[in-house]
Amino acid sequence: MGEELRVDPAVLSAAAGACQRFGEATARQWRRVEPETVDAARALPGWRTARALQDTLGAWEDDMTRLVAHLQRLGTALEECAADYRRADAASAGHFDIRGR
């Protein structure tokens with residue numbers, strides 16, 4: 001027989017909150033970096049470095065957008081999983097509730 005698996009819905013909910021907060025913090029930090037990178041690229045007209053900054057900015061934007069979306073989906077999935085465990089626990093406990101029977 002395999003090892004027992006124990007799931008604490010509160011831990012899942014805490015992890016969901018951490019994902020949401022990390023996603024929000026990532027988006028905030030990204031918004032701070034973007035204008036500075038644009039300014040740096042504009043300050044170097046005709047330089048290959050300017051083009052490299054623009055290319056890097058585009059890649060970062062794509063990556064950050066995907067990362068933030070992934071963290072939001074992960075947070076939602078963890079919270080839904082926690083809710084499922086809570087419902088299952090309540091339903092199972094209800095089978096043993098003999099009050100009023």
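A disulfide is a pair of cysteine sulfur atoms within 2.5 Å. With that definition in hand, a search of the whole structure, which is a predicted model, finds 0 disulfides.

**Stop 1: the cysteines**

Select C19 and C81 and display their sulfur atoms. Why is there no bond from C19 to the closest cysteine sulfur? That sulfur belongs to C81 and lies 12 Å from the sulfur of C19, which is too far for a bond. C81, likewise, is in no disulfide. The two residues may also be described by their accessibility. C19 is buried, with a relative accessible area of 12%, whereas C81 is partly exposed, at 28%.

**Stop 2: helix 1 as a whole**

Next, select residues 9-42, which form helix 1. The helix has 34 residues, and at 1.5 Å a residue they should span 50 Å. The C-alpha atoms at the two ends are 50 Å apart, so the model agrees with the expected span.

Move to the start of helix 1 and add D8 to the selection. A side-chain oxygen of D8 comes within 3.0 Å of the backbone nitrogen of A10.

Now colour the buried residues of helix 1, among them P9, L12, S13, A16, G17 and C19. Further along the helix, the buried residues include T26, A27, W30, T37 and A41. Against which element do the buried residues of helix 1 pack? They pack against helix 2, which comprises residues 48-95.

**Stop 3: the nonpolar core**

Select L12, A16, C19, L78 and A82. These 5 residues make up the largest nonpolar core. Helix 1 and helix 2 are the elements that give two or more residues to this core, and helix 1 gives the most, with 3 residues. In soluble globular proteins, nonpolar side chains tend to be buried together.

Keep A16 in view and show its surroundings. Leaving out residues up to four places away in sequence, A16 touches G75, L78 and E79.

**Stop 4: S13 and its polar partners**

Select S13, which is placed in helix 1. Is S13 buried or exposed? S13 has a relative accessible area of 18% and is therefore buried, since the cut-off for buried is under 20%.

Which side chains form polar contacts with that of S13? One is the side chain of E79, joined to that of S13 by a polar contact of 3.1 Å. Another is the side chain of R86, where the polar contact is also 3.1 Å. When residues up to four places away in sequence are not counted, S13 touches E79, A82 and R86.

**Stop 5: L71 in helix 2**

Turn to helix 2 and select L71. L71 counts as buried, at 9% relative accessibility. Its contacts, apart from residues up to four places away in sequence, are C19, Q20, F22 and G23. Add A18 and display the C-alpha atoms: those of L71 and A18 are separated by 9.2 Å, although the two residues are 53 residues apart along the chain.

**Stop 6: the aromatic pair**

Select W30 and W60 and show their rings. A pair of aromatic rings is described by the distance of the centres and the angle of the planes. A search of the whole structure finds 1 aromatic pair. The rings of W30 and W60 have centres 6.4 Å apart and planes at 90 degrees, so this pair is edge-to-face. The pair links distant parts of the chain, with W30 in helix 1 and W60 in helix 2, 30 residues apart. W30 counts as buried at 12% relative accessibility, while W60 counts as partly exposed at 37%.

**Stop 7: T37**

Keep W60 displayed and select T37, which is found in helix 1. T37 is buried, with a relative accessible area of 9%. What does the side chain of T37 reach? It reaches the backbone oxygen of V33, at 3.0 Å. Aside from neighbours within four places in sequence, T37 is in contact with L53, L57 and W60.

**Stop 8: D89**

Finally, select D89, a residue that lies in helix 2. D89 is partly exposed, with a relative accessible area of 46%. Add A15 and compare positions: D89 and A15 are 74 residues apart in sequence, and their C-alpha atoms are 20 Å apart in space.

Note on methods
Residues numbered from 1 in each chain as written. Predicted model: local features only at pLDDT ≥ 70, side-chain atom pairs only at ≥ 80, totals over all residues. Heavy atoms only, no water. Helix = DSSP H or I, 4+ residues; strand = E, 2+ residues; numbered from the N terminus. Buried < 20%, exposed > 50% of the residue type's maximum accessible area, 1.4 Å probe, protein only. Polar contact = N/O pair within 3.5 Å; in protein donor to acceptor, adjacent residues only side chain to side chain. Contact = heavy atoms within 4.5 Å. Phe/Tyr/Trp six-rings, centres within 6.5 Å; stacked < 30°, edge-to-face > 60°. Core = buried A, V, L, I, M, F, W, Y, C linked by side-chain atoms within 4.5 Å. Expected span 1.5 Å × (residues − 1).
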